[in-house]
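Reader: Hey, got a minute to walk me through this one? I'd like the basics before the details.

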Amino acid sequence: MERSGPSEVTGSDASGPDPELAVTMGFTGFGKKARTFDLEAMFEQTRRTAVERSRKTLEAREKEEEMNREKELRRQSEDIEPTPSGSNMARDCSKSLSRDTSSSESEDTSDSSSDELIGPPLPPKMVGEPVNLMEEDILGPLPPPLYEEGEDDDDDEGEDEGEEENPVQKIPDSHEITLKHGTKTVSALGLDPSGARLVTGGYDYDVKFWDFAGMDASFKAFRSLQPCECHQIKSLQYSNTGDMILVVSGSSQAKVIDRDGFEVMECIKGDQYIVDMANTKGHTAMLHTGSWHPKIKGEFMTCSNDATVRIWEVENPRKQKSVFKPRTMQGKKVIPTTCTYSRDGNLIAAACQNGSIQIWDRNLTSVVRCLWHPKLNQIMVGTGNGLAKVYYDPNKSQRGAKLCVVKTQRKAKQAETLTQDYIITPHALPMFREPRQRSTRKQLEKDRLDPLKSHKPEPPVAGPGRGGRVGTHGGTLSSYIVKNIALDKTDDSNPREAILRHAKAAEDNPYWVSPAYSKTQPKTMFAQVESDDEEAKNEPEWKKRKI
């Protein structure tokens with residue numbers, strides 16, 4: 001039996017796919033024609049639909065605006081004078097209004113009927129394409145939903161506005177370079193006012209200088225130093241003029257260096273055994289940070305673990321200018337972790353460990369006494385810095401400070417000036433005064449006449465010495481020692497014999513020690529030395545045999 005191949009299936013075949021083909025492929029429904037889409041036609045149709053709807057919307061708005069204008073004109077005409085022509089005009093307007101409303105209702109109904117249809121209209125049938133009678137069996141994806149052109153534009157504009165308003169988009173982080181400071185944490189950064197140099201400090205005790213204009217692609221620092229020895233760097237800040245750098249480290253002494261890294265000054269260390277930190281000359285514990293004054297050159301402040309904020313001057317490193325002590329609500333000490341000046345430099349702010357921010361007046365003085373007078377209506381204040389101040393109001397106060405403020409300063413009279421008294425010392429009198437130094441030539445002429453100063457030096461002595469002077473040959477101590485001692489022959493005799501030759505004389509004629517111990521001193525006996533022959537004779541027989 002000859003097996004027939006799969007039959008060709010078309011969209012116009014009402015009998016469906018070949019059953020043998022289904023058996024061969026292993027699933028049913030094979031052979032159904034998939035639905036095809038012309039994307040360009042769909043996009044064109046969508047665009048036209050959107051344009052048409054936009055046109056209708058604009059027309060509706062224009063009609064509404066025209067109706068509002070007509071209503072306004074009609075209202076104004078009725079207020080002025082009601083005439084038959086005005087009534088006719090009103091009737092005409094009402095008729096046109098009814099026509100417009102009827103046309104708008106018809107358009108709304110058409111729009112509502114068209115809105116019921118979902119998706120774009122089907123593309124036109126291609127010539128020669130078979131017609132598929134089973135629309136419900138068409139396979140393929142659903143057509144994409146319609147989008148109006150106006151909605152897309154609005155969304156794009158909204159996104160652009162959102163991007164412009166987003167501050168994150170303004171951060172300049174598209175590119176980066178890496179500066180190799182070291183292997184440990186970089187804890188301090190500082191830029192000079194011009195932005196030409198960067199200084200970095202870290203936990204490796206190093207401070208490195210980077211010059212953007214002088215660096216190449218290798219990004220190497222042009223200088224590295226350790227200004228605070230083995231203390232971690234906490235803060236680095238350029239001064240307003242850019243000629244000095246404030247270095248705050250883990251020690252209790254802040255330093256100021258110049259642009260090239262050379263030390264300008266170092267703050268003094270305070271006495272840690274004093275209870276009141278206001279009475280010490282400097283910090284006694286680890287520093288946290290520092291800040292330059294925004295307007296006064298050479299003034300800066302530091303805060304420390306000793307619970308104080310101190311103001312310093314570069315010209316006076318031996319003592320701080322003023323001290324501020326942060327306190328809690330209960331009056332206890334609290335450690336400031338950071339400090340800064342206000343923009344005008346009149347206020348000082350410090351953030352403390354308890355979460356508080358405390359602010360002081362930089363020019364504030366610890367008032368000790370206060371006095372008010374009822375007749376003068378003025379306030380007198382005594383301060384701890386040695387000043388007494390008087391506060392008054394030009395309108396409310398009477399007399400007092402107002403009397404002397406309006407007067408100009410008087411010039412000092414000659415009679416009131418104190419002359420300087422001269423103190424005459426004995427050595428200031430002419431008889432005790434030393435002669436002033438004259439010219440060199442005259443002094444030399446005077447010295448030439450002096451027999452002591454103009455004495456000719458004596459030549460060296462030739463031959464034996466005379467007149468207390470030692471001669472050249474053998475006249476020095478070294479030559480005498482060489483001639484008389486060093487060249488003397490030494491005694492090569494036996495030292496034992498040299499000692500024993502005086503033993504008989506000491507025994508016969510004792511003089512020093514022997515008389516005191518003559519009765520108790522044992523008799524001295526010296527061992528006798530035998531010759532080699534006698535020793536050989538006295539040797540035992542066993543030694544001789546062994547040899």
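Author: Sure, one definition to begin with: buried means under 20% relative accessible area, exposed means over 50%, and partly exposed is in between, with a 1.4 Å probe and protein chains only. This is a predicted model, so local features need pLDDT of at least 70 and side-chain atom pairs count only at pLDDT 80 or more, while totals for chains, interfaces and linings use all residues. Residues are numbered from 1 along each chain as its sequence is written, and side-chain values use heavy atoms, with hydrogens and water left out.

Reader: Good. With that scale, is Cys-228 buried or exposed?

Author: Cys-228 is buried, because its relative accessibility is 5%. Cys-404, on the other hand, counts as exposed at 53%.

Reader: And how many disulfides are there?

Author: The count is 0. The rule asks for a pair of cysteine sulfur atoms within 2.5 Å.

Reader: OK, zoom out. How many helices and strands does the protein have?

Author: There are 11 helices and 18 strands. Both are DSSP runs numbered from the N terminus: helices are H or I with at least four residues, strands are E with at least two.

Reader: How much of the protein is buried?

Author: Of its 547 residues, 19% are buried. The exposed surface comes to about 43,300 Å², with carbon and sulfur atoms supplying 54% of that. Those areas come from the Shrake-Rupley method with a 1.4 Å probe, and for residues only the protein chains shown count as cover.

Reader: What about long-range contacts?

Author: Take contacts between residues at least 6 apart in sequence: 40% of them join residues at least 24 apart. Contact here means heavy atoms within 4.5 Å.

Reader: Switching to sheets. What happens around E14?

Author: Strand E14 (residues 347–352) has an antiparallel link to E13 (residues 336–341) through 5 bridges, and 5 bridges also join E14 to E15, again antiparallel. Two strands pair if DSSP finds at least two bridges between them. For specific partners, Pro-336 is bridged to Cys-352 in E14, and Leu-347 to Asp-361 in E15.

Reader: What do the turns look like?

Author: E13 and E14 form a hairpin with 5 residues between them, and Gly-345 in that turn has a positive phi of about 80 degrees. The hairpin of E14 and E15 has 4 residues in between, with Gly-355 at a positive phi of about 90 degrees.

Reader: Which residues of E15 are on the covered face?

Author: Gln-358 and Trp-360 are, while Ile-357, Ile-359 and Asp-361 make up the uncovered face.

Reader: And the sheet with E17?

Author: That's an open, antiparallel sheet of 3 strands, ordered E16-E17-E18. Strand E16 (369–373) and strand E18 (388–391) are at the edges with a single partner strand each, so one side of each has no neighbour in the sheet. From one strand to the next, the twist averages 15 degrees; the axes are lines fitted to C-alpha atoms, for helices over the stretch in contact, and angles run from 0 to 180 degrees between N-to-C directions. E16 and E17 (residues 378–382) are joined by 5 bridges, with His-373 partnered by Gln-378.

Reader: Now aromatics. How many pairs are there?

Author: The count is 3 aromatic pairs. Rings of Phe, Tyr and Trp (its six-membered ring) pair if their centres lie within 6.5 Å; planes under 30 degrees apart are stacked, over 60 edge-to-face and the rest tilted. Phe-209 and Phe-222 are a tilted pair, because their planes are at 50 degrees, with centres 6.0 Å apart. Phe-209 sits in strand E3 and Phe-222 in the loop between E3 and E4, 13 residues apart. Phe-209 is buried at 1%, whereas Phe-222 is partly exposed at 34%.

Reader: Why is Trp-292 with Phe-300 called edge-to-face?

Author: Because their planes are at 65 degrees, with the centres 5.4 Å apart. Both Trp-292 and Phe-300 are buried.

Reader: Last thing: any odd phi values?

Author: Most residues other than glycine have a negative phi. Phe-219 has a positive one, near 55 degrees; it lies in the loop between E3 and E4 and is partly exposed at 28%. Arg-399 is positive too, at about 50 degrees, in the loop between E18 and helix H5 (401–405), and is exposed at 58%.
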